[in-house]
Amino acid sequence: MTDPRALLLSRIRDVPDYPKPGVLFKDITPLLADPVAFTALTDTLAELCRRSGATKVAGLEARGFILAAPVAVRAGLGFIPVRKAGKLPGATLSQAYDLEYGTAEIEVHAEDLTADDRVMVIDDVLATGGTAEASLQLIRRAGASVAGVAVLMELGFLPGRARLQPVLDGAPLEALITV
């Protein structure tokens, strides 16, 4: 497979002043609408899962679901939705984390993970790393291990990578594009 990064980057639209003035939003919907680009992204992430020995793929709410579910299917792995608190029925395991102004909480169904599982966490963007860090803690608390973290895009001017390095415990962090 040829390197898909140029194709992927060409399908990400810059939207100035969204969601508020001064922010340059990276819109992935043109990439999702292009079957060639979306397939290239899915194939690339599925290959990262295979190389890491992942047994499950976790998608972070909400755009991470869009990317991770087809990756799980392509790689022949199970999909684990990591949801905002209160969105999953039944018994859940939760993890709180700090936001710039306040806190948030994510959840999984712990029974969907076992000690034999190696979980690849997938999301669209790595920014400050708070949600990804909480997901790694949650996966480990559920008894599974972390195979890695893979994102379509890393915002290199924010501290996400630095925040994740101590909690990765040697697992890879792969960003297909860094902006």
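Which side chains does a polar contact of 2.8 Å join? The side chains are those of Asp-117 and Thr-55, shown in the second view below. This is a predicted model in which local features need pLDDT of at least 70 and side-chain atom pairs count only at pLDDT 80 or more, while totals for chains, interfaces and linings use all residues. Residues are numbered from 1 along each chain as its sequence is written, and side-chain values use heavy atoms, with hydrogens and water left out.

**Figure 1. Overall view of the protein chain, with six helices and nine strands.** Helices (H or I, at least four residues) and strands (E, at least two) are DSSP runs numbered from the N terminus. The C-alpha trace spans about 40 × 40 × 30 Å along its principal axes. The radius of gyration of the protein chain is 16 Å, in agreement with the value near 16 Å for a compact globule of 179 residues; the radius is taken over C-alpha atoms, and the globule rule is 2.2 Å times the number of residues to the power 0.38. Of the 179 residues, 44% count as buried (under 20% relative accessible area, 1.4 Å probe, protein chains only). Among contacts (heavy atoms within 4.5 Å) between residues at least 6 apart in sequence, 64% join residues at least 24 apart.

**Figure 2. Close-up of Asp-117, in the loop between strand S6 (102-108) and strand S7 (118-126).** Asp-117 is buried, with a relative accessible area of 8%. Its side chain makes polar contacts with the side chains of Thr-55, at 2.8 Å, and of Lys-56, at 3.0 Å. A polar contact is a pair of N or O atoms within 3.5 Å; within protein, one must be able to donate a hydrogen and the other to accept it, and residues adjacent in sequence count only if both atoms are side-chain atoms. When neighbours within four places in sequence are left aside, the residues in contact with Asp-117 also include Asp-112, Ala-144 and Ser-145.

**Figure 3. Close-up of Gln-95, in strand S5 (residues 93-99).** Gln-95 is buried, at a relative accessible area of 14%. Polar contacts join its side chain to the side chain of Gln-137, at 3.2 Å, and to that of Arg-141, at 2.9 Å. Apart from neighbours within four places in sequence, Gln-95 is in contact with Ala-104, Glu-105, Ile-106, Ala-134, Gln-137, Leu-138 and Arg-141.

Notes. Buried means under 20% relative accessible area, exposed over 50%, partly exposed in between (1.4 Å probe, protein chains only).
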